[in-house]
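Student: I should like a close look at one part of this model, namely the final stretch of the chain. Please then relate your account to the rest of the protein.

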Amino acid sequence: MEETVEDPPTSAVLLDHCHFSQVIFNSVEKFYVPGGDVTCYYTLTQHFIPRRKDWIGIFRVGWKTTREYYTFMWVALPADLRSESAKQQEVQFKAYYLPKDDEYYQFCYVDQDGVVRGASIPFQFRPENEEDILVVTTQGEVEEIEQHNKELCKENQELKDSCVSLQKQNSDLQAELHKKEEELETLKSTSKKSDQRAKAQKERWETELLRLKEENQKVSSENEKMGVRVDQLQAQLSTQEKEMEKLVQGDEEKTEQLELLKKENSQLLLTLTHQREQQKKLEQTVQEMKQEETTAKKKQQELTDENAGLSKTLSENKIICNVLQREKERLERENDLLKRENSRLLSYMGLDFDSLPYQAPTSDQGGAGQNPGLVFGNPYSGIQESSAPSLLGVRRCPTCKSGFADDLFDGAAEQRTQSLCLNCPICDKTFPAKEKQIFEDHVFCHTL
């Protein structure tokens with residue numbers, strides 16, 4: 001079937017659902033993959049006869065009139081409406097004219113008067129496989145969500161079954177109503193024909209009565225001779241009047257029967273109204289379930305965002321931890337080197353490292369022989385300098401009284417002081433080795 005540019009017949013009147021069961025859509029998917037043609041299968045019921053200007057449109061869910069269609073295709077008329085194959089029809093929508101968003105749509109069969117005769121279940125146009133979203137939740141929340149989803153699926157299935165049952169009942173009621181309407185039309189036609197016959201008979205009787213009166217006036221002079229004839233005519237008139245009374249009585253019975261049919265029709269309309277109210281309640285329940293599902297999705301997205309922020313913070317802490325670990329290893333290596341250098345110098349001077357007393361340097365200690373840059377202090381600060389004149393000062397070992405130049409101790413102390421400084425791995429700020437706690441607090445402030 002080829003598509004034409006001619007606009008389909010529509011209506012601006014708000015529609016109800018009383019005729020939606022005359023055309024039934026089959027094999028409607030929950031979603032269709034974008035970029036491909038879509039084939040729509042539908043079945044014509046025995047109470048519906050298609051016409052040349054009928055069409056099938058794709059409507060966004062929530063439409064009010066048939067003018068709100070997104071796209072449409074003309075339907076093909078079957079060659080033989082009485083055959084079973086003619087009831088099963090299909091129409092194909094090209095991919096170029098299909099919607100590109102992920103809103104819900106449905107097929108609707110519209111006749112040439114702009115009246116909807118059938119509507120399908122909603123569907124979407126979206127890819128078959130969507131990207132999985134990583135959601136970090138606790139095991140209890142996962143079990144609670146799964147249980148809630150199972151309950152929702154079960155309730156949704158019950159609603160679907162109830163909806164199918166209501167649609168079937170609606171179809172049966174429509175068929176019965178159509179049958180009653182046909183019987184009512186037949187009775188009306190019969191009653192009209194009876195009224196016409198009675199009226200014609202009455203006119204004939206009135207005409208005959210006038211003729212008889214005229215005849216009676218003409219033969220009044222021959223009344224005695226024609227008395228027997230008059231009696232016969234009167235008897236014939238009485239018989240005809242009785243027949244007329246019988247016809248009138250039959251017409252009254254038919255009128256009563258028509259009133260009974262009207263009452264039955266009113267009861268059927270009340271039943272149909274009740275069914276529509278139940279269907280509206282079911283639709284409202286489905287809408288509430290959709291809102292709950294949207295709220296659950298928003299909560300999952302919030303948990304995902306929070307998890308991403310925690311992962312980013314953890315990565316930054318790991319980087320800082322690795323930097324501090326490397327700095328610690330570097331300082332330990334430098335400390336080992338300084339210990340070995342100190343041991344070597346002490347061995348060179350003939351002193352034992354373990355036997356030296358530890359003396360922490362202070363800022364208020366004076367004297368030319370004390371170097372404030374040494375971490376472990378100067379073990380030779382108490383040794384008296386030689387009074388002999390020399391270009392370089394001489395210090396003596398307190399054990400063996402050997403003399404050493406001052407620049408030997410000062411150079412080694414300065415080298416060791418420079419190697420024991422702590423450098424911040426983030427801002428390159430330098431701290432003395434004795435201010436290790438201040439250095440660690442400074443590095444920790446960078447992580448806040």
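Tutor: A helix here is a DSSP run of type H or I with at least four residues, and a strand is an E run of at least two, both being numbered from the N terminus. In this sense His 442 belongs to helix α4, which covers residues 436-446. The model is a predicted one, and what follows should be read accordingly.

His 442 has a relative accessible area of 18%, and it therefore counts as buried, the limit being under 20%. Apart from its neighbours within four places in sequence, His 442 is in contact with Cys 424, Cys 427, Lys 429 and Phe 431. An unreviewed UniProt entry places the feature "domain: UBZ1-type" at residues 421-446. Over residues 421-446, helix accounts for 42% of the chain and strand for 15%, while the end C-alpha atoms lie 19 Å apart.

The chain as a whole provides the setting. The protein chain contains four helices and 13 strands. Of its 448 residues, 24% are buried. Its accessible surface amounts to about 32000 Å², with 51% belonging to carbon and sulfur atoms. Where contacts link residues at least 6 apart in sequence, 64% of them join residues at least 24 apart.

Elsewhere in the chain there is a nonpolar core, the largest, with 21 residues; Phe 25, Tyr 42, Ile 56, Phe 93, Phe 107 and Tyr 109 have the most contacts inside it. At least two residues of this core come from each of β1 (23-26), β3 (38-44), β4 (55-60), β6 (88-93) and β7 (105-110). The greatest contribution is that of β3, with four residues. Phe 25 illustrates the packing: beyond its neighbours within four places in sequence, its contacts include Cys 40, Tyr 42, Ile 56, Phe 107, Tyr 109 and Ala 119. A second core, separate from this one, has nine residues, among them Phe 59, Trp 63, Phe 72 and Trp 74.

Strand pairing can be followed from β3. Six bridges connect β3 with β6, and the two strands run antiparallel. Within this pair, Tyr 42 has Gln 89 of β6 as its bridge partner. In a regular strand, side chains alternate between the two faces of the sheet. In β6, the covered face carries Gln 89, Val 91 and Phe 93, whereas the uncovered face carries Gln 88, Glu 90 and Gln 92.

An open sheet of four strands is arranged in the order β5-β4-β7-β8, with antiparallel pairing. Its edge strands, β5 (69-74) and β8 (116-119), each pair on one side only. On average, neighbouring strands of this sheet are turned by 25° against each other, direction ignored. At one end of that order, three bridges join β7 to β8, and Val 110 has Val 116 in β8 as its bridge partner.

The loop between β3 and β4 offers a contrast with the buried His 442. Ile 49 is located in that loop. Its relative accessibility is 58%, so Ile 49 counts as exposed, for which the limit is over 50%. Ile 49 and Leu 77 are separated by 28 residues in sequence, and their C-alpha atoms are 9.6 Å apart in space.

How values were computed:
Residues numbered from 1 in each chain as written. Predicted model: local features only at pLDDT ≥ 70, side-chain atom pairs only at ≥ 80, totals over all residues. Heavy atoms only, no water. Core = buried A, V, L, I, M, F, W, Y, C linked by side-chain atoms within 4.5 Å. Buried < 20%, exposed > 50% of the residue type's maximum accessible area, 1.4 Å probe, protein only. Contact = heavy atoms within 4.5 Å. Pairing = 2+ DSSP bridges. Axes fitted to C-alpha atoms, helices over the stretch in contact; angles between N-to-C directions. Areas by Shrake-Rupley, 256 points an atom, 1.4 Å probe, with all protein chains shown as cover. UniProt positions renumbered as here; feature names shortened; annotations may be inferred.
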